[in-house]
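Here is a short report for a newcomer. Look over the chain first, then read on.

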Amino acid sequence: MIVNAKQMLETAVKGKYAVAQININNLEWAKAAITTAQEQKSPLIVGVTGGAARYMGSFNVVAAMVKALDRDLGITVPVAIHLDHGSYEECLACIEAGFTSIMFDGSHFPFEENMKKTSEMISLARKNGMTIEAEVGAIGGEEDGVVGSGDIADPEECRKIAALGVDFLAAGIGNIHGSYPADWPGLDFDVLEQVSKVTGGIPLVLHGGTGIEEDMIKKAISLGVAKINVNTECQLAFAAATREYIEAGLDKKDKGFDPRKLLAPGAAAIKKAVKDKFELFGSVGKA
(Lines give C-alpha, C1' and ligand atoms only; values in the text may rest on other atoms or scores of the structure.)
Protein backbone atom coordinates (compact mmCIF):
# COMPACT_ATOMS: atom_id res chain seq x y z
CA MET A 1 0.00 0.00 0.00
CA ILE A 2 1.26 3.44 -0.90
CA VAL A 3 1.83 5.67 2.14
CA ASN A 4 4.11 8.46 3.26
CA ALA A 5 7.12 7.52 5.37
CA LYS A 6 6.08 9.00 8.72
CA GLN A 7 4.66 6.01 10.57
CA MET A 8 7.13 3.45 9.20
CA LEU A 9 10.13 5.51 10.29
CA GLU A 10 8.77 6.50 13.69
CA THR A 11 8.05 2.82 14.33
CA ALA A 12 11.57 1.93 13.19
CA VAL A 13 13.13 4.39 15.66
CA LYS A 14 11.18 2.81 18.51
CA GLY A 15 11.96 -0.71 17.33
CA LYS A 16 15.69 -0.05 16.77
CA TYR A 17 15.74 -1.12 13.13
CA ALA A 18 16.01 0.76 9.85
CA VAL A 19 13.85 0.96 6.74
CA ALA A 20 15.69 0.56 3.45
CA GLN A 21 15.37 3.20 0.77
CA ILE A 22 16.02 1.29 -2.44
CA ASN A 23 16.69 3.67 -5.31
CA ILE A 24 15.14 2.53 -8.57
CA ASN A 25 16.37 2.98 -12.13
CA ASN A 26 13.76 1.18 -14.24
CA LEU A 27 10.84 -1.27 -14.09
CA GLU A 28 13.08 -4.18 -13.06
CA TRP A 29 14.38 -2.22 -10.07
CA ALA A 30 10.92 -1.11 -8.94
CA LYS A 31 9.35 -4.54 -9.31
CA ALA A 32 12.28 -6.31 -7.64
CA ALA A 33 12.26 -3.96 -4.63
CA ILE A 34 8.49 -3.98 -4.14
CA THR A 35 7.99 -7.73 -4.53
CA THR A 36 10.89 -8.46 -2.18
CA ALA A 37 9.38 -6.14 0.42
CA GLN A 38 6.10 -8.03 0.13
CA GLU A 39 7.83 -11.42 0.41
CA GLN A 40 9.84 -10.33 3.44
CA LYS A 41 6.98 -8.39 5.07
CA SER A 42 9.18 -5.34 5.25
CA PRO A 43 8.29 -1.66 4.91
CA LEU A 44 10.00 -0.02 1.95
CA ILE A 45 10.91 3.40 0.67
CA VAL A 46 11.25 3.52 -3.11
CA GLY A 47 13.71 6.30 -3.87
CA VAL A 48 14.43 8.07 -7.12
CA THR A 49 16.81 10.88 -8.02
CA GLY A 50 15.97 13.54 -10.55
CA GLY A 51 18.42 11.98 -12.99
CA ALA A 52 16.86 8.52 -12.68
CA ALA A 53 13.38 9.99 -13.11
CA ARG A 54 14.43 11.78 -16.28
CA TYR A 55 15.93 8.52 -17.57
CA MET A 56 12.58 6.77 -17.00
CA GLY A 57 10.65 9.63 -18.59
CA SER A 58 9.51 11.88 -15.76
CA PHE A 59 8.46 11.97 -12.12
CA ASN A 60 4.92 11.31 -13.37
CA VAL A 61 6.09 8.06 -15.00
CA VAL A 62 7.81 6.95 -11.79
CA ALA A 63 4.81 7.67 -9.56
CA ALA A 64 2.37 6.00 -11.97
CA MET A 65 4.60 2.92 -12.36
CA VAL A 66 5.11 2.38 -8.63
CA LYS A 67 1.43 2.94 -7.85
CA ALA A 68 0.34 0.54 -10.60
CA LEU A 69 2.74 -2.16 -9.39
CA ASP A 70 1.50 -1.69 -5.84
CA ARG A 71 -2.13 -1.99 -6.92
CA ASP A 72 -1.89 -4.73 -9.51
CA LEU A 73 0.53 -6.95 -7.59
CA GLY A 74 -1.64 -6.74 -4.48
CA ILE A 75 1.09 -5.24 -2.28
CA THR A 76 0.01 -4.99 1.35
CA VAL A 77 3.22 -3.77 2.99
CA PRO A 78 3.72 0.01 3.33
CA VAL A 79 5.60 1.55 0.40
CA ALA A 80 6.59 5.23 0.20
CA ILE A 81 7.55 6.96 -3.06
CA HIS A 82 10.40 9.32 -2.19
CA LEU A 83 12.43 11.92 -4.06
CA ASP A 84 16.14 11.58 -3.29
CA HIS A 85 18.37 14.69 -3.15
CA GLY A 86 15.74 16.92 -4.71
CA SER A 87 16.21 20.50 -5.77
CA TYR A 88 13.50 23.04 -4.98
CA GLU A 89 12.07 22.64 -8.50
CA GLU A 90 12.22 18.85 -8.38
CA CYS A 91 10.35 18.83 -5.08
CA LEU A 92 7.58 20.90 -6.64
CA ALA A 93 7.44 18.49 -9.61
CA CYS A 94 7.14 15.50 -7.27
CA ILE A 95 4.33 17.13 -5.34
CA GLU A 96 2.49 17.53 -8.65
CA ALA A 97 3.31 13.95 -9.69
CA GLY A 98 1.82 12.40 -6.57
CA PHE A 99 4.93 11.28 -4.68
CA THR A 100 4.27 10.61 -1.00
CA SER A 101 7.63 11.84 0.32
CA ILE A 102 10.36 14.24 -0.74
CA MET A 103 13.90 15.13 0.21
CA PHE A 104 14.84 18.74 -0.20
CA ASP A 105 18.62 18.90 -0.33
CA GLY A 106 19.65 22.42 0.55
CA SER A 107 22.98 21.37 2.05
CA HIS A 108 24.95 23.17 -0.66
CA PHE A 109 23.31 26.51 0.18
CA PRO A 110 24.50 28.82 2.98
CA PHE A 111 22.84 27.54 6.15
CA GLU A 112 20.30 30.37 6.51
CA GLU A 113 19.14 29.84 2.93
CA ASN A 114 18.90 26.09 3.54
CA MET A 115 16.70 26.88 6.56
CA LYS A 116 14.45 29.24 4.59
CA LYS A 117 13.94 26.95 1.62
CA THR A 118 13.47 23.88 3.82
CA SER A 119 10.81 25.72 5.83
CA GLU A 120 8.93 26.63 2.64
CA MET A 121 9.07 23.04 1.43
CA ILE A 122 7.84 21.71 4.79
CA SER A 123 4.70 23.85 4.43
CA LEU A 124 4.03 22.51 0.94
CA ALA A 125 4.64 18.92 2.02
CA ARG A 126 2.24 19.27 4.94
CA LYS A 127 -0.51 20.63 2.69
CA ASN A 128 -0.16 17.57 0.47
CA GLY A 129 0.09 14.91 3.16
CA MET A 130 3.73 14.19 2.36
CA THR A 131 6.74 13.50 4.54
CA ILE A 132 9.91 15.50 4.05
CA GLU A 133 13.61 14.85 4.58
CA ALA A 134 16.23 17.58 4.88
CA GLU A 135 20.02 17.47 4.85
CA VAL A 136 22.74 19.13 6.92
CA GLY A 137 26.40 18.58 6.10
CA ALA A 138 26.88 17.48 2.51
CA ILE A 139 27.05 13.74 1.84
CA GLY A 140 30.32 12.98 0.08
CA GLY A 141 30.65 11.60 -3.42
CA GLU A 142 28.36 11.93 -6.43
CA GLU A 143 24.88 10.65 -7.14
CA ASP A 144 23.24 11.43 -10.48
CA GLY A 145 25.05 14.74 -10.79
CA VAL A 146 24.52 15.77 -7.15
CA VAL A 147 28.05 16.19 -5.78
CA GLY A 148 28.81 16.55 -2.08
CA SER A 149 32.09 17.42 -0.40
CA GLY A 150 31.58 15.07 2.51
CA ASP A 151 31.24 17.71 5.24
CA ILE A 152 30.59 16.58 8.81
CA ALA A 153 27.31 18.03 10.03
CA ASP A 154 27.18 20.66 12.77
CA PRO A 155 24.86 19.28 15.50
CA GLU A 156 23.54 22.77 16.27
CA GLU A 157 22.56 23.27 12.63
CA CYS A 158 20.88 19.86 12.72
CA ARG A 159 18.92 20.97 15.78
CA LYS A 160 17.71 24.10 14.01
CA ILE A 161 16.64 22.24 10.85
CA ALA A 162 14.88 19.56 12.91
CA ALA A 163 13.04 22.25 14.86
CA LEU A 164 11.44 23.46 11.62
CA GLY A 165 9.39 20.27 11.61
CA VAL A 166 11.11 17.96 9.13
CA ASP A 167 10.05 14.32 9.41
CA PHE A 168 13.54 12.86 9.07
CA LEU A 169 17.03 14.26 8.74
CA ALA A 170 20.14 13.32 6.79
CA ALA A 171 23.28 14.43 8.61
CA GLY A 172 26.72 14.05 7.08
CA ILE A 173 28.84 11.86 9.36
CA GLY A 174 31.59 10.86 6.94
CA ASN A 175 29.35 8.73 4.71
CA ILE A 176 29.64 8.99 0.93
CA HIS A 177 27.71 7.97 -2.15
CA GLY A 178 29.12 5.16 -4.26
CA SER A 179 31.82 2.68 -3.30
CA TYR A 180 34.00 3.51 -0.30
CA PRO A 181 37.78 3.90 -0.80
CA ALA A 182 40.18 1.60 1.03
CA ASP A 183 41.41 4.45 3.25
CA TRP A 184 37.93 5.60 4.33
CA PRO A 185 38.14 6.46 8.07
CA GLY A 186 34.60 5.30 8.89
CA LEU A 187 31.50 6.96 10.30
CA ASP A 188 31.79 9.67 12.95
CA PHE A 189 29.65 8.14 15.69
CA ASP A 190 30.40 10.96 18.16
CA VAL A 191 28.69 13.43 15.83
CA LEU A 192 25.84 10.99 15.14
CA GLU A 193 25.22 10.59 18.86
CA GLN A 194 25.21 14.37 19.37
CA VAL A 195 22.83 14.88 16.45
CA SER A 196 20.48 12.22 17.78
CA LYS A 197 20.35 13.90 21.18
CA VAL A 198 19.79 17.48 20.00
CA THR A 199 17.17 16.63 17.35
CA GLY A 200 14.74 15.10 19.80
CA GLY A 201 14.79 11.57 18.51
CA ILE A 202 13.48 12.20 15.00
CA PRO A 203 14.42 9.48 12.49
CA LEU A 204 17.91 10.00 11.09
CA VAL A 205 18.99 8.99 7.60
CA LEU A 206 22.21 7.34 6.48
CA HIS A 207 23.00 7.97 2.82
CA GLY A 208 25.64 5.92 1.03
CA GLY A 209 24.61 2.58 2.53
CA THR A 210 26.70 0.59 0.05
CA GLY A 211 29.94 -0.78 1.47
CA ILE A 212 29.62 0.34 5.09
CA GLU A 213 30.68 -2.49 7.39
CA GLU A 214 27.85 -4.37 9.08
CA ASP A 215 28.94 -3.48 12.61
CA MET A 216 28.92 0.22 11.66
CA ILE A 217 25.43 -0.13 10.19
CA LYS A 218 24.14 -1.76 13.37
CA LYS A 219 25.77 0.86 15.60
CA ALA A 220 24.30 3.67 13.48
CA ILE A 221 20.84 2.12 13.87
CA SER A 222 21.32 1.91 17.64
CA LEU A 223 22.05 5.67 17.64
CA GLY A 224 18.85 6.70 15.85
CA VAL A 225 19.35 5.96 12.16
CA ALA A 226 16.00 4.65 10.90
CA LYS A 227 16.41 5.01 7.13
CA ILE A 228 19.36 3.76 5.08
CA ASN A 229 19.73 4.48 1.37
CA VAL A 230 20.95 1.80 -1.03
CA ASN A 231 21.67 2.36 -4.72
CA THR A 232 25.18 1.49 -5.91
CA GLU A 233 25.09 -2.02 -4.44
CA CYS A 234 22.03 -2.95 -6.48
CA GLN A 235 23.60 -1.45 -9.61
CA LEU A 236 26.76 -3.49 -9.12
CA ALA A 237 24.77 -6.68 -8.52
CA PHE A 238 22.65 -6.06 -11.63
CA ALA A 239 25.71 -5.38 -13.79
CA ALA A 240 27.59 -8.46 -12.57
CA ALA A 241 24.65 -10.80 -13.20
CA THR A 242 24.00 -9.33 -16.64
CA ARG A 243 27.67 -9.60 -17.58
CA GLU A 244 27.76 -13.25 -16.49
CA TYR A 245 24.68 -14.03 -18.59
CA ILE A 246 26.16 -12.45 -21.72
CA GLU A 247 29.67 -13.81 -21.25
CA ALA A 248 28.16 -17.30 -20.96
CA GLY A 249 26.60 -16.74 -24.39
CA LEU A 250 23.08 -17.21 -23.08
CA ASP A 251 21.83 -14.20 -25.03
CA LYS A 252 22.55 -16.18 -28.20
CA LYS A 253 20.58 -19.30 -27.23
CA ASP A 254 16.82 -19.87 -27.43
CA LYS A 255 15.96 -16.21 -27.93
CA GLY A 256 18.02 -15.29 -24.90
CA PHE A 257 18.24 -11.80 -26.37
CA ASP A 258 14.60 -11.23 -25.37
CA PRO A 259 14.87 -8.48 -22.71
CA ARG A 260 12.59 -10.49 -20.45
CA LYS A 261 15.29 -13.17 -20.41
CA LEU A 262 18.30 -10.88 -20.74
CA LEU A 263 17.34 -8.75 -17.74
CA ALA A 264 16.03 -11.57 -15.55
CA PRO A 265 19.38 -12.49 -13.91
CA GLY A 266 20.00 -8.84 -13.05
CA ALA A 267 16.53 -8.48 -11.56
CA ALA A 268 17.10 -11.61 -9.47
CA ALA A 269 20.41 -10.17 -8.27
CA ILE A 270 18.64 -6.99 -7.18
CA LYS A 271 16.09 -9.03 -5.23
CA LYS A 272 18.87 -10.84 -3.38
CA ALA A 273 20.70 -7.58 -2.60
CA VAL A 274 17.47 -6.02 -1.30
CA LYS A 275 16.65 -9.08 0.84
CA ASP A 276 20.14 -8.98 2.33
CA LYS A 277 19.67 -5.31 3.26
CA PHE A 278 16.28 -5.95 4.86
CA GLU A 279 17.90 -8.64 7.00
CA LEU A 280 20.88 -6.46 7.95
CA PHE A 281 18.70 -3.46 8.77
CA GLY A 282 16.31 -5.58 10.86
CA SER A 283 13.12 -4.71 8.96
CA VAL A 284 12.04 -8.25 7.97
CA GLY A 285 8.60 -9.01 9.37
CA LYS A 286 8.08 -5.45 10.59
CA ALA A 287 5.31 -4.55 8.10
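A residue counts as buried when its relative accessible area is under 20%, and as exposed when that area is over 50%; partly exposed lies in between. By that cut-off, buried residues make up 56% of the 287 residues in the chain. The model is predicted.

**Overall build**

The chain holds 12 helices and 10 strands. Its radius of gyration is 18 Å, close to the 19 Å that the globule rule gives for 287 residues, so the chain is as compact as a globular protein of that length. The C-alpha trace spans about 60 × 45 × 35 Å along its principal axes.

Contacts reach far along the sequence. Take those in the chain with a separation of 6 or more: 71% of them join residues 24 or more positions apart.

**Surface and charge**

About 12,300 Å² of the chain is exposed. Carbon and sulfur atoms supply 54% of that area. The chain carries 29 positive and 38 negative charges. The mean positions of the two sets are 7 Å apart.

**The cores**

Which residues touch the most other members of the largest nonpolar core? They are I24, L44, F99, I102, L169 and L206, in a core of 76 residues.

L169 shows what such contacts look like. Leaving aside residues up to four places away in sequence, L169 touches A134, E135, V136, C158, I161, V195, T199, I202, P203, L204 and V205. One of these, V205, belongs to a second, separate core. That core has 13 residues, and L9, V19 and I45 are also among them.

**Two residues with positive phi**

K41 and D254 are not glycine, yet each has a positive phi value. Where do they sit in the chain? The table sets them side by side.

| Residue | Phi | Loop | Relative accessible area |
|---|---|---|---|
| K41 | near 55 degrees | between α2 (27–40) and β2 (44–48) | 39% |
| D254 | near 50 degrees | between α10 (232–247) and α11 (259–262) | 69% |

Both places are in loops. K41 follows the helix α2 and comes before the strand β2. The loop of D254 has a helix on either side, α10 and α11.

Are these residues buried, partly exposed or exposed? K41 has a relative accessible area of 39%, so it is partly exposed. D254 has 69%, so D254 is exposed.

Note on methods: Residues numbered from 1 in each chain as written. Predicted model: local features only at pLDDT ≥ 70, side-chain atom pairs only at ≥ 80, totals over all residues. Heavy atoms only, no water. Helix = DSSP H or I, 4+ residues; strand = E, 2+ residues; numbered from the N terminus. Rg over C-alpha atoms; globule rule 2.2 N^0.38 Å. Buried < 20%, exposed > 50% of the residue type's maximum accessible area, 1.4 Å probe, protein only. Contact = heavy atoms within 4.5 Å. Areas by Shrake-Rupley, 256 points an atom, 1.4 Å probe, with all protein chains shown as cover. Lys, Arg positive; Asp, Glu negative; His and termini not counted. Charge placed at Lys NZ, Arg CZ, Asp CG, Glu CD. Core = buried A, V, L, I, M, F, W, Y, C linked by side-chain atoms within 4.5 Å.
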